[in-house]
Amino acid sequence: MLEALYRGLTALAGPAVRRLLDRRLAAGKEDPARLPERLGHPGLPRPPGRLIWLHAASVGESQAVLPLIDRLLTLAPRPTVLVTTGTVTSATLMAKRLPTGAIHQFVPVDLPAAVARFIDHWRPDLALWIESEFWPNLLRALRKRGVPTALVNARLSAGSHRNWRRAPRTAHRLLSTFRLALAQTATEAERLRDLGLVDVRCVGNLKYSTAPLPASADALAALRAAMGERPTWVFASTHPGEDDLAAQVHRRLAPHVPRLLTLVVPRHPKRGPEIAAAFQAQGLTVSRRATGALPLATDDLHVADTLGELGLFFRLAPVAAIGGSFVPVGGHNPIEPAQLGAAVVYGPHMHNFAEIAAALEAAGGARRVADGDGLADAVRALLTDASTRAAQAAAARAVADDNRDAVDRVMAALAPLLAEAGLRPPGDAA
């Protein structure tokens, strides 16, 4: 009943959705050159042969599936991997990081006509949806056309689980699209079973299998030369409210840590000018990477307001604080700095990465602190005690290494669906 009502309402919602897209375009949240893709009009021809559609909503999900894409591209006959995302930032990152054989499109809005155009054009042989984004019309189209579909790296929060339980028939109908669900944790696997999914398995988190974030060798050398031997920490992927926290920590530590340099990497680079202006208003000396500036010896803070360069700053800073964890966003991926040898600190809000955070903490590979005072204490301790810092970083890297085979388990679980789509591992007889 609810699904039918949703379908009817969205069939009438075209003009309203177009106005919404126009507002998003004006706010810089849509790509003007590719806006037709959001209405299901393809931006590229469909390549011949098998095609696997992989939908990852945003930046974190799309980066997590890069190792899976690499593995899918080894199948025979070699398929095309179509990756859809919904944000401009994720599209920009995919343009830089997708391997040959994978292509990107924006996911269509969930209007029946847009969905039909998208599916008619791309005709996927297999669909893999990442984490927990469920669009009813897209899922219905996959069911109607009999496309084998799996939910990969599945994540379902306690709040989302409660909300879905209020409409059990609708939840069961939507989720029945997925022939298989591969959950990140046993807890999330049980939540999915409770909503009616039959074949649910816990295979671990693909984020463990991602390669270390890349970095330009030339940019790395230039920054190292500019920074010299200054004690440095990075506050990565900050959200509003956390930038001020970075400044507070810097002012508190500067008298005790001579020549301290604080790197701030905003989650959304367009906030760079605003952040730098706020720091300057507090009497701090600031430079911005987006202007081409390197950190000067006199700079207190350097704002790294560019896209896709976190790999640089995790290599340069021996201590990394995780943004989104000191405000109720849910945190960002702590494995990324751990893979590059940084000692990791985060705040109380790590629910998006609860299982990874718990594993790191149990191994002594990360520090959870309650607030800005705790952050300042942790950063000071780690910057001034090299042996403690090295031990924590080594413990975190060991956790990452021990779980790196998650992509192997995912591929093994997907084998029957891949075979149904006419795909086989390399070397297998046809």
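Which strand holds S237? S237 is found in strand β8, residues 232–238. The model shown in these close-up views is predicted.

**View 1. S237 in strand β8 has a positive phi.** The phi angle of S237 is about 60°. Yet S237 is not a glycine. Is this residue, S237, buried or exposed? S237 has a relative accessible area of 6%, so it counts as buried.

**View 2. N153 in strand β5 also has a positive phi.** Phi is about 55° at N153, again not a glycine. The residue lies in strand β5. The relative accessibility of N153 is 2%, and N153 therefore counts as buried.

**View 3. A cis peptide bond joins A76 to P77.** Omega for this bond is near -15°. Where does P77 sit? P77 belongs to the loop between α4 and β2.

**View 4. The largest nonpolar core holds 33 residues.** In soluble globular proteins, nonpolar side chains tend to be buried together. Five members touch the most other members of this core: L54, L68, I69, L72 and L128. Several elements give two or more residues each. The strands among them are β1 (51–55), β2 (80–85), β4 (126–130), β5 (149–154) and β6 (180–183). The helices are α4 (66–72) and α19 (406–420). Which element gives the most? Helix α19 does, with seven residues.

**View 5. L128 and its contacts are shown within the largest core.** Neighbours within four places in sequence are left aside here. L128 is in contact with I52, W53, L54 and H55. L128 also contacts L68 and L72. A150, V152 and L414 complete the list for L128. A second core is separate from the largest one and has 32 residues. I103, V115, V147 and L197 are included in that second core.

**View 6. Helices α12 and α17 pack at an angle of about 50°.** Two packed helices are described by the angle between their axes and the distance between the axes. Helix α12 spans residues 242–253, and helix α17 spans residues 372–384. Their axes are 9 Å apart. The angle of about 50° makes α12 oblique to α17. The crossing of α12 past α17 is right-handed. From α12, the contact uses L245, V249, R252 and L253. These meet G372, D373, L375, A376, D377, V379 and R380 in α17. How do the residues of the contact of α12 with α17 divide? Six are nonpolar, one is polar and four are charged.

**View 7. Helices α1 and α7 cross at roughly 110°.** Helix α1 covers residues 2–12, and helix α7 covers residues 136–144. Their axes come within 10 Å. The angle makes α1 roughly perpendicular to α7. E3, Y6, R7 and T10 of α1 make the contact with P136, N137, R140 and R143 of α7. The residues of this contact divide into two nonpolar, two polar and four charged.

**View 8. P136 is a buried residue of helix α7.** The relative accessible area of P136 is 13%. Which residues does P136 touch, not counting residues up to four places away in sequence? P136 touches E3, Y6, D110 and L174. E3 and Y6 are also among the α1 residues in the contact with α7. P136 and Y346 are 210 residues apart in sequence. Their C-alpha atoms are 35 Å apart in space.

How values were computed. Residues are numbered from 1 along each chain as its sequence is written. This is a predicted model: local features need pLDDT of at least 70, side-chain atom pairs count only at pLDDT 80 or more; totals for chains, interfaces and linings use all residues. Side-chain values use heavy atoms; hydrogens and water are left out. A nonpolar core is a set of buried Ala, Val, Leu, Ile, Met, Phe, Trp, Tyr and Cys residues joined through side-chain atoms within 4.5 Å. Buried means under 20% relative accessible area, exposed over 50%, partly exposed in between (1.4 Å probe, protein chains only). Helices (H or I, at least four residues) and strands (E, at least two) are DSSP runs, numbered from the N terminus. Contact means heavy atoms within 4.5 Å. Axes are lines fitted to C-alpha atoms, for helices over the stretch in contact, and angles run from 0 to 180 degrees between N-to-C directions. Angles under 35 degrees count as roughly parallel, over 145 as roughly antiparallel, 65 to 115 as roughly perpendicular and the rest as oblique. A crossing is left-handed if the near helix is turned anticlockwise from the far one by less than a right angle, and right-handed if clockwise. Ala, Val, Leu, Ile, Met, Phe, Trp, Tyr, Cys and Pro count as nonpolar, Asp, Glu, Lys and Arg as charged, and the others, Gly among them, as polar.
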